[in-house]
Each structure stands twice: as structure tokens, then as C-alpha cells.
Amino acid sequence: MASTEEDGSVEEKENNNKKRTKSAIAVAWLTFYNIAMTAGWLVLAIAMMRFYIQKGTHKGLYKSIARTLKFFQTIALVEVVHCAIGIVRTSVIVTGVQVCSRIFMVWFITNSIKQIQNEESVILFLAVWTFTEITRYSFYTFNLLNHLPYFIKWARYNMFIIMYPLGVAGELLTIYTALPYVRKTGMLSMRLPNKYNVSFDYYYFLIIVMLSYIPLFPQLYFHMLRQRRKVLLGEIIVEKDE
Ligand SMILES: CCCCCCCCCCCCC/C=C/C(=O)SCCNC(=O)CCNC(=O)[C@H](O)C(C)(C)COP(=O)(O)OP(=O)(O)OC[C@H]1O[C@@H](n2cnc3c(N)ncnc32)[C@H](O)[C@@H]1OP(=O)(O)O
């Protein structure tokens, strides 16, 4: 009996130790990840400013930062994994939509359609993303280190009110500008007849993507407004299962 009780408490202790070790590993990983991502987006910000100061134009800016942007934006896919394995308390769906829409913008729009890379709308969403990500990742970093300056917290939960619509406007304008090129070239499309007997029209797909912002964007925006009320105003919010 005594030994069973002892076993039980040893097992309990081991489990607690495991939980502690797991969360310590998770915290260490997240700290490293957030520092690396803050640094990555800072590098992008500096590269963009340097380009503009040196050349006096935004033409060629995207090309000059494309590799770094693709790298850091694609890495953000691990954030979906963070949610899926439960090391951050965020919905997989909300994070998935956010990250996938960004990756889609980078790889399947801006990177694939060279003719639109010098559009002002590209610079608009790039500038907005860069500002947002520097704020967001430095917020997570300082939060994990328990030394969060108020102005970073304030910026994280206020700036999105303007930045989100601006970023979305830049993205939608860029896709809209891409439409004529996509139609003319038939890129990424499959016409019948072909050996797979499948037809896909990228032009119409892009129109569907643009329309999907109508139901999806408000959900992300309202999610952030709820987070804002929770963090800045201390409101207790009962989240539905997302
Ligand atoms: C096939 C193609 C499909 C295309 C589909 C198209 C449709 C797309 C429609 C919508 C398009 C949107 C496009 C986006 C544009 C822009 O980004 S514009 C720029 C402005 N953007 C923003 O302001 C981004 C805001 N979004 C976010 O911050 C996130 O991405 C989010 C997932 C939407 C919300 O973040 P969330 O994590 O839920 O909120 P937080 O308050 O920040 O955190 C909650 C808790 O989780 C912890 N946490 C999260 N991540 C980390 C981390 N990396 N490290 C450590 N901790 C983390 C956080 O600390 C919180 O924890 P608690 O304090 O314990 O609650």
C-alpha cells in the first residue's frame, strides 16, 4: 500500500517534471523563434529603407528583397504547427488563414507575376506586413521574457486597427492588377483537352480568392478586436471552439 502511494507520487512527480520540461523547451523554442523572426523582419525593413533612400524609387525594391521575404514569410508556416501542438493558445484555423493568405500572396502572386512587382500596392502591403511583424514578434519575445514594454503591447493591440485594412487593400489591389496578365498568359491554368481531363482557370480562381476576403477578413479582424479587449481592457472573453 505504502509502496503504491509512493509509486503514485513518483509517477505524479515525473509527469509534472515532464510537463515542466516540455513547457521549458516550448518557451525556449518560442523565444528563439520570435527573436529570429523579429530580426528577419527588421532586416527586411532596413533593406527596404536603404533601397528607397539610395535609389529614390520603389521600382526594383521587391526584387531586391524577394529572397529574404520568401524565406521569412514561408517559415511562418511553423506557427500553424505551434497552434496544432498546443504550445500557443491560438486557433489553427485563424492562424492558418492568416499565414496561408500571406504565402499565397508572396509565392503565387508577387513572385510568379513579374509584371506587377513594381506596383505601389506591393510596396503598400510589404510596408504594412513589415511594421506589423516587427511589432508582433517583438511583443511575443518580450512577453515570453516577462519584460514587456507598454508601448509594444499598445502597438500590438492598436496598430492593427489601421494596418489590417491597409494590408488587405494592398493585397487586393495587387491581385486585381495581376488579373489581366493572368488572363492573357493563361498561367497556372489547365485547359481541356488534356491527359488528366481536368480544367483549372487561375484567373477565375483569383477572383474567388478576392471574394473570399469578404467572409474571412472580418473574422480575423474581429478576432484581433476581441484579443485587444482581453489584453488591453482585461475583459474576460469566452471563445467559441474555432
Ligand atoms: C489558397 C489561398 C487562400 C487565400 C485565402 C484568402 C483569404 C484571406 C482573407 C484574410 C486575409 C488577411 C490578410 C492579412 C493581411 C495582413 O496581415 S495586413 C497587416 C496587419 N496584420 C495584422 O495585424 C496581423 C494580425 N494577425 C495576427 O496577429 C495573427 O496572425 C492572428 C493569428 C490573426 C492573431 O494572433 P493570435 O495569436 O490569436 O493573437 P495574440 O493575441 O497575438 O496571441 C494569442 C496567444 O498566443 C500566444 N502566441 C501566439 N503566437 C505566439 C508566438 N509566436 N510566440 C509566443 N506566444 C505566442 C500569445 O502570447 C497569446 O498567449 P496568451 O497571452 O497566453 O493568451
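In the predicted model, Tyr196 is placed in the loop between α7 (160-185) and α8 (202-233). The residue is exposed, because its relative accessible area of 55% lies over the 50% required for that class. Together with Met190, Val198, Phe200 and Phe205, Tyr196 makes a nonpolar surface patch of about 440 Å².

The loop between α7 and α8 also holds several backbone features. Pro193 has its place in this loop, and the peptide bond that leads from Leu192 to Pro193 is cis, with omega near 0°. Leu188 lies in the loop as well and, although not a glycine, has a positive phi of about 55°; with a relative accessible area of 46%, Leu188 is partly exposed. Asn197, which is likewise found between α7 and α8, has a phi near 60°, again a positive value in a residue other than glycine, and is exposed, with a relative accessible area of 62%. As background to these assignments, most residues other than glycine have a negative phi, and most peptide bonds are trans.

As regards the chain as a whole, the secondary structure comes to eight helices and zero strands, so that the order of elements from the N terminus on reads α-α-α-α-α-α-α-α. Of the 242 residues in the chain, 38% are buried, and the accessible surface amounts to about 15,000 Å², with 65% of this area belonging to carbon and sulfur atoms. Among contacts between residues at least 6 apart in sequence, 70% join residues that are at least 24 apart.

Aromatic side chains give a further view of the packing. A pair of aromatic rings is described by the distance of the centres and the angle of the planes. The count of aromatic pairs, with ring centres within 6.5 Å as the limit, comes to 17. In one of these, the rings of Phe139 and Tyr140 have their centres 5.7 Å apart and their planes at 65°, and the pair is therefore edge-to-face. Phe139 is buried, with a relative accessible area of 5%, whereas Tyr140, at 26% relative accessibility, counts as partly exposed. A second edge-to-face pair is made by Phe160 and Tyr221, whose ring centres are 5.8 Å apart and whose planes stand at 65°. Because Phe160 lies in helix α7 and Tyr221 in helix α8, this pair ties together parts that are 61 residues apart in sequence; both Phe160 and Tyr221 are buried. Ring pairs also link Phe104, Phe108, Phe200, Tyr202 and Phe205 into a cluster, and among its members Phe200 and Phe205 contribute to the nonpolar surface patch with Tyr196.

Arginine side chains are placed over aromatic faces at two further sites. Arg156 lies over the face of Tyr157, at 5.3 Å from the ring centre, while Arg183 lies over the face of Tyr203, at 4.3 Å from the ring centre.

A polar residue in helix α2 completes the description. Gln73 has its place in helix α2 (residues 61-75) and is buried, because its relative accessible area of 2% falls under the 20% limit. When its neighbours within four places in sequence are left aside, Gln73 is in contact with Trp41, Val99, Arg102, Ile103, Val106 and Trp129.

Methods: Residues numbered from 1 in each chain as written. Predicted model: local features only at pLDDT ≥ 70, side-chain atom pairs only at ≥ 80, totals over all residues. Heavy atoms only, no water. Patch = residues over 30% accessible without salt bridge, like charges linked within 9 Å, V, L, I, M, F, W, Y side chains within 5 Å. Areas by Shrake-Rupley, 256 points an atom, 1.4 Å probe, with all protein chains shown as cover. Salt bridge = Lys/Arg side-chain N within 4 Å of Asp/Glu carboxyl O. Helix = DSSP H or I, 4+ residues; strand = E, 2+ residues; numbered from the N terminus. Buried < 20%, exposed > 50% of the residue type's maximum accessible area, 1.4 Å probe, protein only. Phe/Tyr/Trp six-rings, centres within 6.5 Å; stacked < 30°, edge-to-face > 60°. Lys NZ or Arg CZ within 6 Å of the ring centre and 35° of its normal. Contact = heavy atoms within 4.5 Å.
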